[in-house]
Amino acid sequence: MKIISFLFLFLLICFNFSKAQYNETYYESYEYRHTISEKTYFSSDHINCEIHCLQGKSEECEIYKEQLDYVFNEFEKLIDFEKEITFSIYFLDLKYVCKKCLSMALPPNYVFLKELNSEKVFSYPQALAKQFMINYDNIAYTDFTIAINVDHDKEDIKTIGKFALAREMLHGMGITLTGDLANSRGYKLFSEDFYVPQIREEIDIGDENVDVDITFKRFYPLNVFEKHIVSQQKPDYYIFDSLNEMHYTYFPELNYNYMEAVNNTDIEKKALFNTYSALIDSPYYEQAKEIAKLFKQKGSVGFRAYDGSVIPLQTFKGEYYRSLSVCHIDIPKITDAAFYDYDPFNKNEIKDYLNEDFIMNYTYMFMYDVDEIAKIVSNTKDPKIFGPGVIKILKTMGWRIKGDTSAPSNTQYELATDINIEADNYIDLALSLAGEHDFYGKGSRYNSAFTNKVCDVKSYLIAMFILSLFV
């Protein structure tokens, strides 16, 4: 958060200077480097994708688009879709968010469901909830949003692109956390760390200036992925079982101005502290501390599948990393996220580190095509990029797998009508709101992201801000 805050302020200063001086050459150059071109579309039988590419990176985007056909085909062969899924891809220069980012998925739109005859509410990714054929009005126009980094050499993109696209789609389809640890957002807020649910953050973008107000509204319910997380040492111990009603914990609605927080980090720090402090006096606090301890131990937690097997999830020794820990399948030999004692170009080392579930690893370790890696690590005559662990996770959450001969689940769901969280995608919302404003006085050229017009510099900066909330 601190990196993006500084960069956001720096870009804002440059941007305001260009407005004041109105140096046409500088303005056109800056506009070109930080605008998003007209959106395009890509589809397969059951998957629809809306593509937004950073101007000046068309060649990189075209490489990724070619790889989409392969990735979509793999998903079509794997999943027995009842309804189409729809998502957005933003091909951006993610070094403004994190220097080494390959890709990232924003929290998906959620639908809040409970099984019939149960009062336990869980957040289901909209892409999955649609498969249950439940009728509901509060539906977002996209199920999830992913961002892919185009700040890579073209040859590297040809190698890593399929992995990035497939992994982020899996996150959007549900292999992700809703919550984090209290001290993981860049501040040491508490002497003892503890699990905290995802905050519903409403974002208001100013009409006249680059201005962003953030309001903390309430907590999200646990999601269906967290529901199945267990201790590896005690596989009958579902670590979130006693936190199912944690999202009802009340905290006073909090509001702060992001641009003011750029200059004074105590503003955001205070908002987070006051929000999370409400959990300390709740009945969930002690278990939330135990979860934090597990999340900082190597080999501690896993996902318990429908057949009783446990798929190990990625944790690190002594540290928890937002967007890396727990929401990926474990690489057993990696205990430190920043430690790599291997040769990424040595094919002979691949099987020492990776297994059939490499597509859900937190990093792409070896510079070989996914098909080649699958052949090396596979235990079958017909290697696939989706390993058995990934497939078990998807099936357990509720996705129907093609060729599955076991009896289909007869679980029925109903909407949890008391969870008042409207569906939207953070980055799509930010881009569309920013694009509505005639920021340069150039009329409809800078129109809404929904209308196939390019988005202005303001849109790009705010998009970077939105992404920074989740790394």
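Me: What pLDDT does the protein average, and how many of the residues score at least 70?
Reply: This is a predicted model. The protein averages a pLDDT of 82, and 79% of the residues score at least 70.

Me: And where does pLDDT stay under 50?
Reply: Residues 1–34 are one such stretch, and the model has 60 contacts beyond four places in sequence for them. Residues 433–456 also stay under 50, with 70 contacts beyond four places in sequence.

Me: OK, on to strand 3. Is strand 3 mostly covered or uncovered?
Reply: Mostly covered: strand 3 covers residues 85–92, and 8 of its 8 residues are buried.

Me: Which residues sit on which side of strand 3?
Reply: I85, F87, I89 and F91 are on one side, while T86, S88, Y90 and L92 are on the other. Both faces are covered, with all of those residues buried. In a regular strand the side chains alternate between the two faces of the sheet.

Me: How do strand 2 and strand 3 run, parallel or antiparallel?
Reply: They run parallel, and 7 bridges join strand 2 (residues 47–53) to strand 3.

Me: What's the bridge partner of H52 in strand 3?
Reply: H52 has Y90 as its bridge partner there.

Me: Switching to helices. What span should helix 3 have, and what do its end C-alpha atoms say?
Reply: Helix 3 (residues 58–78) has 21 residues, so at 1.5 Å a residue it should span 30 Å. Its end C-alpha atoms are 30 Å apart, which agrees.

Me: Where is the kink in helix 3 centred?
Reply: On Q67, and the kink is about 25 degrees.

Me: Now Q131. Where is Q131 found?
Reply: Q131 is in the loop between helix 4 (126–129) and strand 7 (144–149).

Me: Does Q131 count as buried or exposed?
Reply: Buried, because its relative accessibility is 10% and the cut-off for buried is under 20%.

Me: What is Q131 in contact with, leaving aside its neighbours within four places in sequence?
Reply: Q131 is in contact with F81, E82, K83, I85 and W399. I85 is also one of the buried residues of strand 3.

Me: New topic: what's the order of the open sheet with strand 10 in it?
Reply: The order is 10-11-13, so 3 strands, with antiparallel pairing. Strand 10 (199–205) and strand 13 (254–257) are at the edges; each has a single partner strand, so one side of each has no neighbour in the sheet. From one strand to the next, the twist averages 20 degrees.

Me: How many bridges join strand 11 to strand 13?
Reply: 4 bridges join strand 11 (residues 212–219) to strand 13. Within that pair, D213 stands opposite N257 in strand 13.

Me: Which strands does helix 8 touch?
Reply: Helix 8 (residues 266–277) packs on the sheet and touches strand 10, strand 11 and strand 13. Its direction makes about 170 degrees with that of strand 13.

Me: And what about the open sheet with strand 12?
Reply: That one has 3 strands in the order 12-14-15, again with antiparallel pairing. Strand 12 (229–231) and strand 15 (310–312) are the edge strands, each pairing on one side only. The twist here averages 45 degrees from one strand to the next.

Me: How many bridges join strand 12 to strand 14?
Reply: 3 bridges join strand 12 to strand 14 (residues 301–304), and the two run antiparallel. V230 stands opposite G302 in strand 14.

Me: What does helix 12 touch on that sheet?
Reply: Helix 12 (residues 388–397) packs on the sheet, touching strand 14 and strand 15. Its direction makes about 60 degrees with that of strand 14.

How values were computed:
Residues are numbered from 1 along each chain as its sequence is written. This is a predicted model: local features need pLDDT of at least 70, side-chain atom pairs count only at pLDDT 80 or more; totals for chains, interfaces and linings use all residues. Side-chain values use heavy atoms; hydrogens and water are left out. Two strands pair if DSSP finds at least two bridges between them. Axes are lines fitted to C-alpha atoms, for helices over the stretch in contact, and angles run from 0 to 180 degrees between N-to-C directions. Contact means heavy atoms within 4.5 Å. pLDDT is the predictor's confidence in each residue, from 0 to 100. The expected span of a helix is 1.5 Å times one less than its number of residues. The bend at a residue is the angle between axes fitted to the seven residues ending there and the seven starting there. Buried means under 20% relative accessible area, exposed over 50%, partly exposed in between (1.4 Å probe, protein chains only).
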